[in-house]
Amino acid sequence: MLRDLSPEVTDHLLSTQFFGRIGCAADGQVLVLPVSYLYDGQAIYGQTCEGTKTRLLRKNPAVCFEVDDSCGPDCWRSVVVQGVYEELQGDERVYAEQRLGPGRIAPVREAAVGETNTERPAANVVYRIRILSKTGRTEIKSGL
């Protein structure tokens, strides 16, 4: 049976997961990408490297964020957040970096075999998703 999650369960799911998916769109391009994150009860924080995702988010900061917990095709919980992407600087960036810790830092891209890496490494971007709305849904097959 499909039903809504309570606000408490929605917050619990956001607080206990490590990975979610961020959805963004600009210039006719749509991306949905996995990211590690931290939810502090008010906002979602993450780190990433400069690239297509940051380029799109800078052009259109409207973002969708989704996290789920699945036991199978008929036993799952999912939260969808609508929000606004903001890059952090100064004290806000330091706060987010400390909260994210080493387990949620964006990976460094390694050079492919035969590729020379003469360019500077991509800059690390620390961001916040300011939450505008969040909804949770669940499906549990009858009899479980």
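This dialogue walks through the cores, a helix face, the salt bridges and the cysteines of a predicted model.

Visitor: Let us begin with the interior. Which residues have the most contacts inside the largest nonpolar core?

Guide: The general idea comes first. In soluble globular proteins, nonpolar side chains tend to be buried together. Here the largest nonpolar core has 23 residues, and L14, I22, I44 and F65 have the most contacts inside it.

Visitor: Which elements give two or more residues to this core?

Guide: They are helix 1 (7–16), helix 2, strand 2 (19–26), strand 3 (29–36), strand 6 (62–72), strand 7 (75–87) and strand 8. Strand 8 gives the most, with 4 residues. There is also a second, separate core of 7 residues, including A43, L88, A96 and V126.

Visitor: Take one residue of the largest core. What does I22 touch beyond four places in sequence?

Guide: Among its partners are L31, V32, L33 and V35. I22 also touches L57, V63, C64, F65, Y127 and I129. One more partner is K53.

Visitor: K53 carries a charge. Where does K53 lie, and is it buried or exposed?

Guide: K53 sits in helix 2 (residues 52–59). It is buried, yet has no salt bridge. The nearest side chain of opposite charge is E87, 11 Å away. Outside four places in sequence, K53 is in contact with I22, C24, L31, L33, V35 and T48.

Visitor: Now a helix. Which residues of helix 3 are buried?

Guide: In helix 3 (residues 90–100), the buried residues are R93, A96 and L100. They cover an arc of only 65° around the axis, so they lie on the same side of the helix. The face turned away from that side carries the exposed residues D91 and Q98.

Visitor: What covers the buried residues of helix 3?

Guide: The cover includes strand 4 (38–39), strand 5 (43–49) and strand 8 (124–140). Just after the helix, G101 takes a positive phi of about 65°.

Visitor: On to charges. How many salt bridges are there?

Guide: Side chains of opposite charge can pair when their charged atoms come close. In this model the count is 12 salt bridges. One of them joins D4 and R137, at 2.7 Å from N to O. D4 is in strand 1 (residues 2–4) and R137 in strand 8, so that pair links parts of the chain 133 residues apart. D4 is exposed, at 54% relative accessibility. R137 is partly exposed, at 36%.

Visitor: Which residues form salt bridges with R128?

Guide: E86 is one, at 2.7 Å from N to O. That pair connects strand 8, which holds R128, to strand 7, which holds E86, 42 residues apart. R128 counts as buried at 16% relative accessibility, and E86 is buried at 19%. E92 is another, with the closest N and O atoms 3.3 Å apart. E92 lies in helix 3, so its pairing with R128 of strand 8 ties together parts 36 residues apart in sequence. E92 is partly exposed, at 40%. Salt bridges with shared partners join E86, E92, R128 and R130 into one network.

Visitor: Last, the cysteines. Why is there no bond between C71 and C75?

Guide: A disulfide needs two cysteine sulfurs within 2.5 Å. The closest cysteine sulfur to that of C71 is in C75, but it is 3.9 Å away, so it is too far for a bond. The count is 0 disulfides.

Visitor: Are C71 and C49 exposed or partly exposed?

Guide: C71 counts as exposed, because its relative accessibility is 67%. C49 counts as partly exposed, because its value is 25%.

Key:
Residues numbered from 1 in each chain as written. Predicted model: local features only at pLDDT ≥ 70, side-chain atom pairs only at ≥ 80, totals over all residues. Heavy atoms only, no water. Buried < 20%, exposed > 50% of the residue type's maximum accessible area, 1.4 Å probe, protein only. Arc of directions from axis to C-beta. Contact = heavy atoms within 4.5 Å. Lys, Arg positive; Asp, Glu negative; His and termini not counted. Salt bridge = Lys/Arg side-chain N within 4 Å of Asp/Glu carboxyl O. Core = buried A, V, L, I, M, F, W, Y, C linked by side-chain atoms within 4.5 Å.
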